[in-house]
Amino acid sequence: MIAALLLALGALPLAFSSAAQAPYERKNAPCTTKSVRKAWNVLTAAEKQDYLNADLCLMSLPPKTGIEGPKSRWDELQYTHAAQARYIHGVGAFLPFHRYFVTVHDHLIRAECNYTGPLPYWDEPLDIGNISASSLFSGEPSFGGNGTGPDHCISDGPFANITLRINENLTTTEYCISRFLNDFSLAGASRSNIDNCLQQKNYTGIWKCLEGSPHGAGHGGVSGTMMNILLSPGDPVFYLHHGYLDRVWWEWQSRDLSTRLFEIAGNNTPSNTGFPPDGFNFTNPPFGGNGTGLPPPFGGNGTGLPPFFGGGGGGGGGFVTPKPNQALEDYFYDGGNVTTLNHTLWSAGIVENVTIADVMNGEDGFVCGDYQL
């Protein structure tokens, strides 16, 4: 499989060693023990600590894919997202890919770090107006709080001294996990916005709605590393944010499973230079809304983001649109630019490649989740 992957992705700046571990296979495994999804705020202290320890475990484990550059399993996850960022944002595969990616992370912490607890998500509407008091970022155990200093590196909690390495161009430079918690951006995750998404009539509607304000709100509310659309999986909060978006998508699917279980649409390549399906508008929520663009402390004027949002030294530079990569586009197997159920989802050899069809059922098959709706 690795050899075939290299042929298909030959234009990517990848280099593999012969010692690569074969990808995990779970597509055809029976769904006997489901991964229970629970909001972080309802977990017990022991459950929270076990989950944090599992992510710390991935950060300490050596890499296994054979890709040159990553020094840990955590680096390999971040690399996977960065390498194909152009093709997993602002496209029809946005929701299926991130369901797949959350599942890949879930599989790793269970298979390699002996995690047996629930898979947490961030119930974001609960924290609107007071993100710094969220149980994600305050109290013990938590993910640590706000960033400090010129690079806004987080300075408390279990991830304060973690080193990230992957840059936007897939080279490596050591940098910290950075944050700039702010209520202004998180406002886009309001219950009314979520309810609006759940009222959408088709896949195009739910995809564009969720990738708009709710998606931007979670990334923007945390900011720092999370604000870098390529490198955001470096912050462990990423998986709880996308776990929440995936839960909302599954709730939408569940309201009409006969129609929505395998409903997909969209293009494989973004139609604009911004990743959300209709581009970024910095004068609208979650980045603005009063016609003036980004308010203090963001320093924007509605035309873009300041360099700070590049993420604490990791590649620097805010939103960077990756260049087209024909090798990736040919590997989708859709037979064109329209996203289909045959579309390939890839995790750089961590877990086997699957198709969008394989992840459409959130409670069976590859995903095997229990969303507790």
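Modeller: Let's start with a definition: two strands pair if DSSP finds at least two bridges between them. Keep in mind that what we're looking at is a predicted model.

Biologist: Okay, so what makes β1 and β9 a pair?

Modeller: Count the bridges. Strand β1, residues 35-39, and β9 are joined over two bridges, in the parallel sense. The cut-off is at least two, so β1 and β9 count as paired. You can look at the partners too: Val36 stands opposite Asp370 in β9, and Ser35 stands opposite Gly369.

Biologist: How do you know that β1 pairs with β2?

Modeller: Same routine. Three bridges join β1 to β2, and the two run parallel. With a cut-off of at least two bridges, β1 and β2 pair as well. Here, Arg37 stands opposite Leu119 in β2.

Biologist: What makes β2 and β9 edge strands?

Modeller: The sheet is open, with three strands in the order β2-β1-β9 and parallel pairing. β2 (119-121) and β9 (369-370) each have a single partner strand, so each has one side without a neighbour in the sheet. There's also a helix on this sheet: α4 packs there, touching β1 and β2, and its direction makes about 140° with that of β2.

Biologist: Which side chains of β1 point to which face?

Modeller: They take turns. Ser35, Arg37 and Ala39 point to one face and are buried, while Val36 and Lys38 point to the other and aren't buried. That fits the general picture: in a regular strand, side chains alternate between the two faces of the sheet.

Biologist: On to the helices. Why is Leu198 called buried?

Modeller: Leu198 has 3% relative accessibility. Buried means under 20%, so Leu198 makes the cut. This leucine is found in helix α6, residues 191-198. Leaving aside neighbours within four places in sequence, Leu198 is in contact with Arg191, Ile206, Val248, Glu251, Trp252 and Arg255.

Biologist: What makes α7 a largely enclosed helix?

Modeller: Helix α7 covers residues 203-211, and seven of its nine residues are buried, so the rest of the structure largely encloses it. The buried ones are Tyr203, Gly205, Ile206, Trp207, Cys209, Leu210 and Glu211. They pack against α4 (94-111), α6, α8 (213-222) and α9 (237-254).

Biologist: How do you know that Asn202 caps α7?

Modeller: Look at the N-terminal end of α7. A side-chain oxygen of Asn202 lies 3.3 Å from the backbone nitrogen of Thr204. A polar contact needs N or O atoms within 3.5 Å, so that distance is inside the limit.

Biologist: Why are α7 and α8 called roughly parallel?

Modeller: Check the angle. α7 and α8 pack at about 25°, with their axes 3 Å apart. Angles under 35 degrees count as roughly parallel, and therefore α7 and α8 get that label. The contact is made by Cys209, Leu210 and Glu211 of α7 with Ser213, Pro214, His215 and Gly216 of α8.

Biologist: And the whole protein? How many helices and strands are there?

Modeller: There are 12 helices and nine strands. Of the 373 residues, 58% count as buried. The accessible surface comes to about 13,700 Å², and 50% of that belongs to carbon and sulfur atoms.

Biologist: What part do residues 24 or more positions apart play in the contacts?

Modeller: Among contacts with a separation of 6 or more, 71% come from residues 24 or more positions apart.

Terms used
Residues are numbered from 1 along each chain as its sequence is written. This is a predicted model: local features need pLDDT of at least 70, side-chain atom pairs count only at pLDDT 80 or more; totals for chains, interfaces and linings use all residues. Side-chain values use heavy atoms; hydrogens and water are left out. Helices (H or I, at least four residues) and strands (E, at least two) are DSSP runs, numbered from the N terminus. Buried means under 20% relative accessible area, exposed over 50%, partly exposed in between (1.4 Å probe, protein chains only). Contact means heavy atoms within 4.5 Å. A polar contact is a pair of N or O atoms within 3.5 Å; within protein, one must be able to donate a hydrogen and the other to accept it, and residues adjacent in sequence count only if both atoms are side-chain atoms. Accessible areas come from the Shrake-Rupley method with a 1.4 Å probe; for residues, only the protein chains shown count as cover. Axes are lines fitted to C-alpha atoms, for helices over the stretch in contact, and angles run from 0 to 180 degrees between N-to-C directions. Angles under 35 degrees count as roughly parallel, over 145 as roughly antiparallel, 65 to 115 as roughly perpendicular and the rest as oblique.
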